[in-house]
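Please walk through the model shown here, following one helix from its start to its end and then turning to a single residue elsewhere in the chain.

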Amino acid sequence: PLSSGIDRDLARDMPRYGMKFYLACLCAFLVIRIDLLMVNYFNGMTEAGIYSVAVGFADLLYMLPIAIGTILFPRIARDQAGEGGLTLMACRFAVVLMGAVCLAAALLAKPMIHLLYGSAFTDSVRPLLWLLPGVFVLSLEAIVANDLAGRGYPAVLVVYWCVGLLLNIGLNLMLIPRWGATGAAAASTVTYAVMSVLVFRRFFTESGANWRLVFVLNSPDVRRLYDTARSLLVSRHVG
């Protein structure tokens, strides 16, 4: 039967949670985008256009871990007391998957950019190569951050992103005037690495896991990969 009423606890908790999440997302957005504005300011529209192509490719690669984290979030929220085993497994597979994706992107960046944008944008290859390590570590951080979001999103994560934003701005001020788009990419990668270390440290504290459970495939994982690859090959042969 339908009923009306106000859940006071939920009404009190939602704005608090939403504000933490919004501030973190705002800082994260600025970290990812403010370097493009600074490249345009210091080096002009041509350099900003070159850098925007590199950033666009990086954004495409980053969509995969975002999707993984989005799927994890409601499952973690439903079982906040869990040990995070699903998150750990997702991170281990993401290490392999994103490693392969970033390696492929590094090898194919030049011909792909030349094919899609023309020879005028081949200078985008170098900043993209500098961005790829940052994309890799930020991909893993995105999965773990969604796990922490499902557990209430500790307020310290907002502080981490604020620190990351200040660090990114400082590095951009030092590197962009001298190295342009490549300097912006290097600043982003350093910022992403620092942010990932901070977030993973918090995750280890919350879950009690260690780094091997996050980054190293175990025997069951290898077996899953083997079974999946075998199933795909069999399906393709039958088809």
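**Following helix α1**

In α1 of this predicted model, the buried residues are Lys20, Ala24, Cys27, Ala28, Val31, Ile34, Asp35, Met38 and Val39. An α-helix has 3.6 residues a turn, so residues three or four places apart point the same way. The partners against which the buried residues of α1 pack are α2 (45-78) and α5 (156-207).

The two ends of the helix can be taken in turn. Where α1 starts, Asp7 places a side-chain oxygen within 3.3 Å of the backbone nitrogen of Asp9, and just after α1 comes Gly44, whose phi is positive at about 95°. Between these ends, helix α1 (residues 8-43) has 36 residues, which at 1.5 Å a residue should span 52 Å, and because its end C-alpha atoms lie 53 Å apart, the expected and modelled values agree. Along the way there is also a bend in α1 of about 40°, located at Arg33.

A second view is offered by Leu128, a residue of helix α4 (residues 125-150). Leu128 counts as buried because its relative accessibility is 2%, where the cut-off for that term is under 20%. If neighbours within four places in sequence are left aside, the residues in contact with Leu128 are Ala54, Phe57, Ala58, Ala109 and Ile113. Phe203, by comparison, stands 75 residues from Leu128 along the chain, with 29 Å between the C-alpha atoms of the two.

Definitions and conventions. Residues numbered from 1 in each chain as written. Predicted model: local features only at pLDDT ≥ 70, side-chain atom pairs only at ≥ 80, totals over all residues. Heavy atoms only, no water. Helix = DSSP H or I, 4+ residues; strand = E, 2+ residues; numbered from the N terminus. Buried < 20%, exposed > 50% of the residue type's maximum accessible area, 1.4 Å probe, protein only. Contact = heavy atoms within 4.5 Å. Expected span 1.5 Å × (residues − 1). Bend = angle between axes of the 7 residues up to and from the residue. Polar contact = N/O pair within 3.5 Å; in protein donor to acceptor, adjacent residues only side chain to side chain.
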